[in-house]
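This briefing concerns a predicted model. It takes up aromatic contacts and burial, and then turns to confidence.

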Amino acid sequence: LKADERLPGQATARGETLAAQRVQLNQVALDLAAQSIAIGSLKLLRPELRLERSPAGQWNLMRLAGPTPLEDSARPLVRAAAEATWQVRLDDFALEGGQVSYVDAAPAPARAGASAPTVRLGIDRLQVGLQGLQLDGERLVSTPQVRVSARIANPREGAGGQPSLVDWRGRFGLHPLAVNGKLRIERFPVHAVQAYLPHDLGLRLERAEAGFQGELSLKQADAAGLQLDAAGDVLLSDLMLQSMARPGAAVGAGAGDESDRELLSWQSFALNGVSVVVRPGAVPKVVVREATLSDFFARLILTEQGQFNLRDVAPARPNAVAAAGAASAPTAAEATAERVAPPLELDLGGLRLVAGRVDFNDRFVKPNYSAALTDLNGSLGAYRSGSGEPATLQLSGRVAGTGLLEIGGRLKPYAVPRELDITAKASDIELAPLSTYAGKYAGYAIERGKLSVEVHYKIEPDGKLEASHQLVLNQLTFGERVESPTATKLPVRLAVALLKDRNGVIDIDLPVSGTLNDPQFSLGPIIWKVIVNLLAKAVTAPFALLSRGGGPDISVVAFQPGTAQPAEAGSAALDKVAKALADRPALKMTVTGEADPAAEHDAFQRATVEQRLLQEQRREQLRAAGTASAPVASTSLPADERARLVKEVYRATDLPDKPRNIVGLKADIAPDEMEALLRQHVSVSPEAMRQLALQRGLAVRDALIAKGLPSERLFLGEPKLRTGGAPSEAAWTPQVKLTLDTQ
């Protein structure tokens, strides 16, 4: 038996559309008066069907009948037969060894600049069994039992693919529609029918095989729509998704070589214990007892234009819509409202991740940088949407082949914004491969070093974000200077030296906060701003960076007015400076003493006289002891001792205006008056004050050396004389200023 497809106006056949080796009818009973036909059995042996749709959307079966002239006498009979309501009963139908050639040249509109996609399927070993078919005219009035099995050729069969097996056993009805039974699908080639899938995502399904084993029920509930119930196990295996650059898209993953185009792949994604319930007007309900994703791979590329390859995956917006969106951007509340409705109600018993890998390639920097997350294993715990309970996440792996990765916490996948509390740790990441970033943004290559990082992200239900980033850099060593227009002008080497401890370790904490409801909020720029501010402190407040921003300013050592004696606060600052520098051997420090002739005029005179009194006391002690080992004079004098020493110093000092009596002899005046005259005649010259500033610098340098700092790391700066500050300037105190450098 053969049926040829005849084209309109043609007398010859285009080709065999339908053929069968044998058609066998048994126990046929025809009753013309009752308009009924009963068939005991109908058997088709090795039927063949060629089913094609042209690019214009025409199916070849529609042309089978073709224009056939009828005799005028036959027309009434044909019309009457067509209008008659026949009762048809088929007790048993069997189709064995069938073959179907399916070609659809118009499954979907072609992409711009691409040829129309074509779907080709080859079906063989088709077996169909049907029992209990009853028709009342065009209406199916029974629910026949059906058994269908077939093999579908895999287009990749020559490349190692295996044919798909399909087996269905169940019943079906049409008025209303009702289909239920058991379905088994093995290795169905999804890539063969990808032209029926959305084709505006910038994706190409290179390969994927789907499987299902379970029960399926589809019913026409009412005029509102269909209801679906499915239960069983699902397997999506050997999947590979490739990215495709749209016309005019940036050069990147979609336009590179074949390996660059691979975006996502996995060996197996198994969903066990799946239950799907769909009801008209309700959110679909999906239950998955457990899921396992094995041997998965994802590729992330930053193109030469600074755009991620995922950018071309999203559906392209029409120009009109894009223009409208640009003219009136939605508010954060509106954007959130659009995303609130979940796509489905999910009950996930747990997801296991096995042997994963994520490759990252940055082509925006020169030379390019590549890294990979490998050996990714972990799990996402049970989660039920709408329950309010988050799912637990655990993930471990390796970073760039050297570092260890651990991620753990809790999250709500369908919360808007994404409510979560996640901590991630990565340790012992080699820094030398990151040298290209250091050269581009810091202006120096990296010779060696290791990075450990711990980040914590917490997003509250209201969208508030609290994040912390703790970075530990071990033995970070910069190499040669790299000329880069994007490199910061801030003193990177100094900042690193300030942050390093004596063991060569830098420990930095970068907190970040904000709200995801703010459309202007972006985490990356904020983190970079925090880092830049940290580097800027190397210029504006290096000692604050040295002390991690805590406590008083230790870049200034306070002195007692008019003296080279540190104040109590200055001595405390020296202790902190000595400890900080001892922990940072790469730092060098310059010590610069300061003095103010005007502000310290009286104090300098008092201190000078005080010093002369102490010197006189020591001279007397040495003379009495007859040796240079006499005890050092105290820094405070009793009142009677002070009065006696004042008289001695006054007597030994040649003052032109000493008071005299009536006969011209030097008058005997009170000690207080003597001390006042001694102070009055102390010269507060610029040179004297410069010497005071120098002595202050020497005092600080010597004190730090005494605390264990090597003298080669300490430098004495030129003394500074202050000539008076602005009226609004804060009150000045006698001091020594400290500056840091690595040179």
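Phe-269 has a relative accessibility of 24% and is therefore classed as partly exposed, whereas Trp-266, at 14%, counts as buried. The two residues form an edge-to-face aromatic pair, with 5.5 Å from centre to centre and 70 degrees between the planes.

**Other ring contacts**

- The count of aromatic pairs in the model comes to three, and one of them joins Trp-59 and Tyr-102, whose ring centres are 6.1 Å apart and whose planes lie at 40 degrees, so that the pair is tilted.
- This pair links distant parts of the chain, since Trp-59 sits in the loop between strand S3 (36–53) and helix H1 (75–83), while Tyr-102, 43 residues apart from Trp-59, belongs to strand S4 (residues 87–104).
- Tyr-102 is buried, with a relative accessible area of 18%, whereas Trp-59, at 25% relative accessibility, is partly exposed.
- Arg-481 is placed over the face of Tyr-444, at 4.9 Å from the ring centre.

**Confidence in the model**

- The protein chain has an average pLDDT of 80, and 78% of the residues score at least 70.
- Among the elements of the protein chain, strand S7 (residues 145–152) has the highest mean pLDDT, 95, and helix H3 (residues 319–327) the lowest, 43.
- Over residues 318–340 the pLDDT is below 50, and the model gives this stretch nine contacts beyond near neighbours in sequence.
- Residues 7–13 likewise stay under 50 in pLDDT, and for them the model has eight contacts beyond four places in sequence.
- Where pLDDT is low, the predicted coordinates should not be read in detail.

How values were computed: Residues numbered from 1 in each chain as written. Predicted model: local features only at pLDDT ≥ 70, side-chain atom pairs only at ≥ 80, totals over all residues. Heavy atoms only, no water. pLDDT = per-residue confidence, 0-100. Helix = DSSP H or I, 4+ residues; strand = E, 2+ residues; numbered from the N terminus. Contact = heavy atoms within 4.5 Å. Phe/Tyr/Trp six-rings, centres within 6.5 Å; stacked < 30°, edge-to-face > 60°. Buried < 20%, exposed > 50% of the residue type's maximum accessible area, 1.4 Å probe, protein only. Lys NZ or Arg CZ within 6 Å of the ring centre and 35° of its normal.
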